[in-house]
2 protein chains.
Amino acid sequence: MKDKIKKSAIKLFYKKGYFATSMSTIARATGIRKSSIYHHYSTKEDILLDIFRTSMNDLQDALRTRLDAATGARERMQAAIYCHIIFHIERQKEAIIADSELRGLTARNYKEIIQMRDDYEKKIQRVLEEGVAEGIFVDLDIKVISYAILAMCTAVCTWFNKSGRLSKEEVADIFSVFILKGLARS
Amino acid sequence: MKDKIKKSAIKLFYKKGYFATSMSTIARATGIRKSSIYHHYSTKEDILLDIFRTSMNDLQDALRTRLDAATGARERMQAAIYCHIIFHIERQKEAIIADSELRGLTARNYKEIIQMRDDYEKKIQRVLEEGVAEGIFVDLDIKVISYAILAMCTAVCTWFNKSGRLSKEEVADIFSVFILKGLARS
DNA sequence: GTCTATAGATGGATAGAC
DNA sequence: GTCTATCCATCTATAGAC
């Protein structure tokens, strides 16, 4: 049941936003009364936090697996781009929530999630550093370029259309070629 | 007074988000009672719409001016990148609102703003097409690449720090070099 | 573990005096 | 053009029965 509540919440937070979604609406979508939700979650924010944690953890795990399987900065950067984009398309709803509902978290929870996001960014930055050290990437501003890469790859969750012209792999390919070309020492 | 209300609203929508900001809070920040706001704006959404219109219009105007002054796809793309980034840093609060509060608009207003955004995107796509036609940009997926460029340049409003390491012009430079390298026919 | 009922606060918006 | 006062809906969350 906790999982059913979470799934309803994901759909609603995605569609209407966190603040515009009420506990009654979540309850109705789940097929229970709103008071019953409080048996599983102590506050509305708790539901949001659960969604954040799950999706951030899964993303972290996916990146770790993909990075460990790749060797060399070029291959590892490609793996990271693929991983990030595929995740943000397959888990589109959660990705959009994670990308736009940070303000729904109060200080303590906010810090926890920001910490996870920072760790993730650092992993990408490390790959960039490796590429510069290996001499295959140009000397670049690691921080700024990592924000640029993450922003453009994250944004696919806002415009990708499952019944559109391109598959998720094709999108990942286009991004990968573009980014690696921008990074390459030419 | 209308302008004072708008300025308070921009600060609050930026800081707490549209749905988490109440009319009473806006009134308090402006130094009037909440009923007085309704003399200037008929609904809360009207304030948001006003903010959207102003910032979108100013961005459009800035881009038009900058593009008209540049010749050749390379120079024009550089101008577009600069213009977009500088605007999103100088008008950081409005940029963040425009980027994250679209859900606060009901159907009619939503359509109006989406139309403006589409027009803006088309201008960027036209510059990409020019570059491909001129043979200075590699043959690429215009739509996907335009989304990538806009997403990374828009995101500066979320991480740029006015008292940080880099000036807005330095950030624009880093982006410009990275993007044009990714686009170049090499 | 779900229910009914309700507390208690706050939301957007309006009426009408000045 | 701003004020006081208030309407009515809705919100999160809790109490206590089953």
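Okay, let's start with one term: a polar contact here is a pair of N or O atoms within 3.5 Å. Keep that in mind, because a base nitrogen of DNA strand C sits 3.0 Å from an N or O atom in the side chain of K34(B), inside that cut-off. And before we go on, this is a predicted model.

Let's stay with strand C for a bit. Which residues come nearest to DNA strand C? There are 16 residues around the strand, and the nearest are R33(A), S35(A), S36(A), H40(A) and M23(B). So you can see both chains in that list.

What part of the DNA is the protein looking at? Of the strand C atoms within 4 Å of the protein, 52% belong to sugar or phosphate, and the rest belong to bases. On the phosphate side, S36(A) has a polar side-chain atom 2.8 Å from a phosphate oxygen of strand C. T21(B) uses its backbone instead: a polar backbone atom there is 3.5 Å from a phosphate oxygen of that strand. As for secondary structure, the elements giving two or more residues to this surface are α3 (34–40) of chain A, plus α2 (23–30) and α3 (34–40) of chain B. The largest share comes from α3(A), with four residues. By class, the surface near strand C has four nonpolar, nine polar and three charged residues.

Now over to the other strand. Around DNA strand D we again find 16 residues, and the closest are K34(A), R33(B), S35(B), S36(B) and H40(B). Sugar and phosphate make up 55% of the strand D atoms that come within 4 Å of the protein.

Three phosphate contacts to look at on your screen. H40(B) puts a polar side-chain atom 2.7 Å from a phosphate oxygen of strand D. Y38(A) has a side-chain N or O atom 3.4 Å from a phosphate oxygen of strand D. And K44(A) gets there with a backbone N or O atom, at 3.0 Å.

Which element gives the most to the surface near DNA strand D? That's α3(B), with four residues. α2 and α3 of chain A, along with α3 of chain B, each supply at least two residues. The class breakdown for strand D is four nonpolar, nine polar and three charged.

Okay, let's leave the DNA and look inside chain A. Chain A splits into domain 1, residues 1–42, and domain 2, residues 45–183. Their centres, taken over C-alpha atoms, are 28 Å apart. Where they meet, domain 1 of chain A puts in 16 residues and domain 2 of chain A puts in 14.

How much area do domain 1 of chain A and domain 2 of chain A bury between them? About 1300 Å², with 75% of it on carbon and sulfur atoms. On the domain 1 side, the trio to click on is I10(A), Y14(A) and Y18(A): they supply 45% of the area that domain 1 buries there, more than any other three residues.

There's one salt bridge between these two domains. It pairs K6(A) with D50(A), with the closest N and O atoms 3.4 Å apart. You also get six residue pairs in polar contact across that interface. On the domain 1 side, α1 (2–16) and α2 (23–30) of chain A each supply at least two residues, and α1(A) gives the most, with eight. That side divides into 11 nonpolar, two polar and three charged residues.

Last stop: chain A against chain B. Each chain brings 33 residues to the contact. Together they bury about 2600 Å², 70% of it on carbon and sulfur atoms. In chain A, the residues losing the most area to chain B are R103(A), F178(A) and K181(A), together 28% of what that side buries.

How many salt bridges are there across the interface of chain A and chain B? Four. One to look at joins the side chains of R103(B) and E101(A), at 3.1 Å from N to O. There are also 13 residue pairs in polar contact between the chains. On the chain A side, α1, α8 (142–154) and α10 (168–183) each supply at least two residues. The largest share, eight residues, comes from α8(A). And by class, that side of chain A has 21 nonpolar, four polar and eight charged residues.

That's my tour, thanks!

Conventions: Residues are numbered from 1 along each chain as its sequence is written. Chains are lettered from A and ligands numbered from 1 in the order in which they are written. This is a predicted model: local features need pLDDT of at least 70, side-chain atom pairs count only at pLDDT 80 or more; totals for chains, interfaces and linings use all residues. Side-chain values use heavy atoms; hydrogens and water are left out. A residue is near a molecule or strand if one of its heavy atoms lies within 4 Å of it. A polar contact is a pair of N or O atoms within 3.5 Å; within protein, one must be able to donate a hydrogen and the other to accept it, and residues adjacent in sequence count only if both atoms are side-chain atoms. Ala, Val, Leu, Ile, Met, Phe, Trp, Tyr, Cys and Pro count as nonpolar, Asp, Glu, Lys and Arg as charged, and the others, Gly among them, as polar. Domain bounds come from an automatic or database domain assignment. Contact means heavy atoms within 4.5 Å. Buried area is the accessible area (1.4 Å probe) that two parts lose on being put together, summed over both.
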